[in-house]
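I opened this notebook to keep track of what I looked up in the structure, one topic at a time. The entries follow the order in which I went through them.

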Amino acid sequence: MGNTVEKQNPPKSVIQVRGLKKYFPVQKGLFSKVRAWVKAVDDVSFEINRGETFGLVGESGCGKTTITKCILLMEKPTAGTVFFDGHDITSLKGDDFVHYRRSIQVVFQDPTSALNPRMRVEDIVREPIIAHERMPRRVTRGRVIQVLEEVGLSPSSAQLFPHEFSGGQRQRIAIARALAPSPACIVFDEPVSALDVSIRAQILNLLCDLQKKENLTFLVIAHDLAVIKHVSTRIGVMYLGKLVEIADSEDLYARPLHPYTQALLSAALPSHPDQKRDEIILSGEVPSPLNPPSGCRFHPRCPYAKVKCSRIEPVLRDAGPGHKVACESTG
């Protein structure tokens, strides 16, 4: 990967997604011909800068988790490219591939199913370290204790099993496991949606503290706008496989430009009980990604749709410093 060059002049972007597409075939039988394609992700581009938290938000089924699977090499893209430090991840081999696997870690939604119930916490957290490095057990134990303390767990917890912890503590263990190999980027897929409301803020504050302390790069996937706002530096809004708006967190919440973003924000709980906002009620249901609408995919539900919206597919265009929107009806 040319590590010497990277240290001298590291790219600003850790991850670059360019024209990413992921289509899933629809077949009637196991060996029958493909009848149609589910366009889960359709021509999405964005980048995640070093040391920032990039949030992807949208309704269930919009394609945000599929994007993360492509980044994690759990799915092969139908088209498009994902770059890590300027290198196409699909072409990585040998040591470069191993380096990428170590550099990108993931924390899944449900910590109960993500942790092996037959392994002690020490072995769970140590596993990604020994997968990538040959270290004496005493050295890896020191690293395990270090990351456990970083996530707010005592060293004695290393000898316990996952079932001996609460849901929030198990998610802390999952975060410690992701931190253990010293990654460049951590992907969080709905990190608090499976947790009690009372402890969600604790985990979110932990993520913010870790990001600032270690200058880590995070990709956070969520459908909860309050979660995304709390942790994200920049936010991308997705609808039906498309990225419809990207902006700095504060700018997006203060000045949402896409009608879908406006509707999402109007439906979210206000930060203060006295805060008033216009309620936007969308008509109809989310179309199927199997047969998405022509032109703008949001136009059948958009309160501001024009005739051209059904014919012209909008592209992300500049709408201010660091703000991009894909809409023919705005501006």
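**Entry 1: the nonpolar cores**

I began with the largest nonpolar core, which has 57 residues, and I noted that Val125 and Ile175 are those with the most contacts inside it. I keep in mind throughout that this is a predicted model. I then asked which residues valine 125 is in contact with, once its neighbours within four places in sequence are left aside. The list I wrote down is Val144, Val147, Leu148, Ile173, Ala176, Arg177 and Ala180. I also found a second, separate core, this one of 29 residues, and among its members are Val14, Ile15, Ile89 and Met238.

**Entry 2: strand E7 and its partners**

Next I turned to strand E7, residues 185-189, and checked how much of it is covered: five of its five residues are buried. In a regular strand the side chains alternate between the two faces of the sheet. I therefore looked at each side of E7 in turn, and found Cys185, Val187 and Asp189 buried on one side, with Ile186 and Phe188 buried on the other.

Which strands are joined to E7 by bridges? Strand E6 (residues 104-107) is joined to E7 by four bridges, and the two run parallel; here I noted that glutamine 105 has isoleucine 186 as its bridge partner in E7. Strand E8 (residues 217-222) is joined to E7 by five bridges, also in a parallel arrangement, and in this pairing valine 187 stands opposite leucine 219.

**Entry 3: helix H11**

I then looked up helix H11, residues 259-267, and recorded that eight of its nine residues are buried. The buried ones are Pro259, Tyr260, Thr261, Gln262, Ala263, Leu264, Leu265 and Ser266. What do these buried residues pack against? I wrote down helix H9 (225-231), helix H10 (249-254), and the strands E9 and E10.

**Entry 4: the second largest pocket**

My last search concerned the second largest pocket, for which I noted a volume of about 580 Å³. Its lining is made of 30 residues, and those that lie nearest its centre are Ser45, Leu243, Ile246, Leu316 and Lys324. Strands E2 (34-49), E9 (234-239) and E10 (242-248) are the elements that give two or more residues to this lining, and E2 provides the largest share, with six residues. Finally I sorted the lining of this pocket by residue kind, and the residues divide into 12 nonpolar, seven polar and 11 charged.

Note on methods. Residues numbered from 1 in each chain as written. Predicted model: local features only at pLDDT ≥ 70, side-chain atom pairs only at ≥ 80, totals over all residues. Heavy atoms only, no water. 1 Å grid on protein atoms, 1.4 Å probe; cavity = no way out; pocket = protein on both sides within 12 Å on 5 of 7 lines; lining within 4 Å. Points joined across faces, edges and corners; volume = space filled by probe spheres on them. Nonpolar A, V, L, I, M, F, W, Y, C, P; charged D, E, K, R; others polar. Core = buried A, V, L, I, M, F, W, Y, C linked by side-chain atoms within 4.5 Å. Buried < 20%, exposed > 50% of the residue type's maximum accessible area, 1.4 Å probe, protein only. Contact = heavy atoms within 4.5 Å. Pairing = 2+ DSSP bridges.
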